[in-house]
Amino acid sequence: MEKVKESKVTKNKDDLDNHDDACWWSIHKGVKAIFLSISLFALLVRVAVSLHPYSGAGIPPKYGDYEAQRHWMEITINLPAKDWYQNSTTNDLSYWGLDYPPLTAYQSYIHGLFLKLFDPESVSLFTSRGYESYFGKLLMRWTVLSSDVLIFFPAVLYFVLAYSSNNSSFRKSDLAWQIAILLINPCLILIDHGHFQYNCISLGLTVGAMAAICTDKDLVGSFLFTLALNHKQMSAYFAPAFFSHLLGKCMRRRNPIVEVLKLGLVVLGTFAIIWLPYLHSVDAVLQVLSRLAPFERGLYEDYVANFWCTTSVLIKWKRFFSVKLLKFLSFTATLSTCLPSMIQQIRFPSKQGFLHGLLCSSFSFYLFSFQVHEKSVLLPLLPASMLALDEPSLFIHFLHYALLSMFPLIVRDKLVQAYLAIYALTFLIINASNKGQRKGRAFQSARVLFGFFLFCSLVLHVVYLVVRPPERYPFLFEAVIMLLCFSQFTFLAVFSNIKQWTLSKDVQPMDKQKLN
């Protein structure tokens, strides 16, 4: 009799498991269809933004980031790899010299071949400097669009499926909202498809790495994140979170030293393959590294909403402190503000804690590291977007001020029309879901204060466009925008760290056991 009962229980359990698998298969199948629809719309938004001007359009002698990317294509297809980072008569590093890791150079080479096939004059050595044409712009825009579709879009789908597979409370509408939030990221679209850059590649690789780690494919995640680091050194904003989370997981396994060695081999092997053209001598490696850390540019650029630029209103950091001392201060401040988040993940590694750790470490780098500019806000915004289902208020609040912090750059690039349109579209999408209308406890308790700050940010948009600043203070409005955004970013950084530590109380029992 007992055997019969046991067999029935086993059968019911198997039926339930099969039912759950079937449900998740059908949900994932539905998500893929939703993803395709949203992707097509997101692609149309990108195309619409790409019709607007780009950075430095028609402004000689150095133009802007568009010319920098084009020039790297010119250099990489006309010179051997060993000369890409060397100053010479054929490669003047003072004119947009390569200052990103080798994977960016390889990407420039591939895109340069594409341009050479259809418009050879646009990448001819020397004579193509400052090259501007409608067809050339069209080809350059297509290289960004294709990079987005081939790398960032699939990575987003991978992440949404991976993150939702462990949470049955997410409905299809929630996942659709999450996909829309990630694919129609106004800051990323304006920078990549308006201003002109390829952040979608490094961010896409990072999203893929996050998804892999959320599904316990740690070696794949390490490989993808190493690729991201070798595409843009700013991906190091996420390095403390990856390191601490993976170390925390390794320490809970049966053979932690073996697990750490496996991850180390993947990372070192990937670096070795990418840096192969420069491993023939120490000098060649050091030359590339010197290009990746341009300390001579200063502690910060323009009016970025971080600690150093904001406090420079009272303390003239650049005037009274040496570059060597500023490097030490920024390193110490960045590392010390990362430590609480890192300790939490080493002690209590969890998937949601990992995402919070990514947000905390990227905030630390944005607020305190050396040589930060407005576009760097894309990095903390990425994990905030990925946490949008769990922390919608944090994401929405952050997005408002991330956009505001970029507004002076957008005005310089003549992208105001695109900015206003995508700003309105984004917040229509946000409020289309009840997730976007749900307020967190911390935000509810201070809703009057946050409402006042939001009103100020909207007023600042109008003032910046229509009011001329006093002649004595030509950058007054940029400074006010910087101060307001810095105050909000600081609050969000503190809130994120506190939130991450509160997750320690909710770690699943499975996470506290030794992993196989």
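Are Tyr54 and Tyr66 buried or exposed? Both Tyr54 and Tyr66 are buried. The model is predicted. Across the structure, 27 aromatic pairs and 12 salt bridges are found. The points below take up selected pairs, one helix and one loop residue.

**Aromatic pairs and cluster**

- Among the 27 aromatic pairs is that of Tyr54 with Tyr66, which is stacked. The ring centres of Tyr54 and Tyr66 lie 3.8 Å apart, with 15 degrees between the planes.
- This pair links distant parts of the chain, 12 residues apart. Tyr54 is in the loop between α1 (2-50) and α2 (65-78), whereas Tyr66 belongs to helix α2.
- Phe225 and Phe242 also pair; their ring centres are 4.0 Å apart and their planes stand at 15 degrees, so the pair counts as stacked.
- Phe225 sits in helix α8 and Phe242 in helix α9, so this pair ties together parts 17 residues apart in sequence. Phe225 and Phe242 are both buried.
- One aromatic cluster is made up of Phe307, Trp308, Trp317, Phe321 and Phe368.

**Charges over rings**

- Lys62 lies over the face of Trp96, at 5.0 Å from the ring centre.
- Lys318 places its charged end over the ring of Tyr300, 4.1 Å from the centre of that ring.

**Helix α8**

- Helix α8 covers residues 218-229, which makes 12 residues. At 1.5 Å a residue the expected span is 16 Å, and the end C-alpha atoms are 16 Å apart, so the two values agree.
- Which residues of α8 are buried? They are Asp218, Gly221, Ser222, Leu224, Phe225, Thr226, Leu227 and Ala228.
- The cover over these buried residues includes α3 (102-118), α7 (199-214), α9 (239-251) and α10 (256-274). One of these covering helices, α9, also holds Phe242, the ring partner of Phe225.
- Asp218 of α8 takes part in a network of salt bridges with Asp216, Lys249 and Arg253.

**Salt bridges**

- Side chains of opposite charge can pair when their charged atoms come close.
- Asp148 and Arg46 form a salt bridge, with the closest N and O atoms 2.6 Å apart. Asp148 is in helix α4 (residues 134-164) and Arg46 in helix α1, so far along the chain that 102 residues separate them. Both Asp148 and Arg46 are buried.- Lys375 and Asp65 meet through their side chains in a salt bridge at 3.9 Å, N to O. The pair links distant parts of the chain, 310 residues apart: Lys375 is in the loop between α15 and α16, Asp65 in helix α2.
- Lys375 has 10% relative accessibility and therefore counts as buried. Asp65 is buried too, with a relative accessible area of 15%.
- Arg171 forms a salt bridge with Asp174, where the closest N and O atoms are 3.7 Å apart. Arg171 counts as partly exposed, at 45% relative accessibility. Asp174, at 3%, counts as buried.

**Ser376 in the loop between α15 and α16**

- Ser376 is placed in the loop between α15 (351-368) and α16 (378-386). Lys375 is in the loop between α15 and α16 as well.
- Why does Ser376 count as buried? Its relative accessibility is 0%, and the cut-off for buried is under 20%.
- Neighbours within four places in sequence aside, Ser376 is in contact with Met234, Tyr237 and Tyr366.

Definitions and conventions: Residues numbered from 1 in each chain as written. Predicted model: local features only at pLDDT ≥ 70, side-chain atom pairs only at ≥ 80, totals over all residues. Heavy atoms only, no water. Helix = DSSP H or I, 4+ residues; strand = E, 2+ residues; numbered from the N terminus. Expected span 1.5 Å × (residues − 1). Buried < 20%, exposed > 50% of the residue type's maximum accessible area, 1.4 Å probe, protein only. Contact = heavy atoms within 4.5 Å. Phe/Tyr/Trp six-rings, centres within 6.5 Å; stacked < 30°, edge-to-face > 60°. Lys NZ or Arg CZ within 6 Å of the ring centre and 35° of its normal. Salt bridge = Lys/Arg side-chain N within 4 Å of Asp/Glu carboxyl O.
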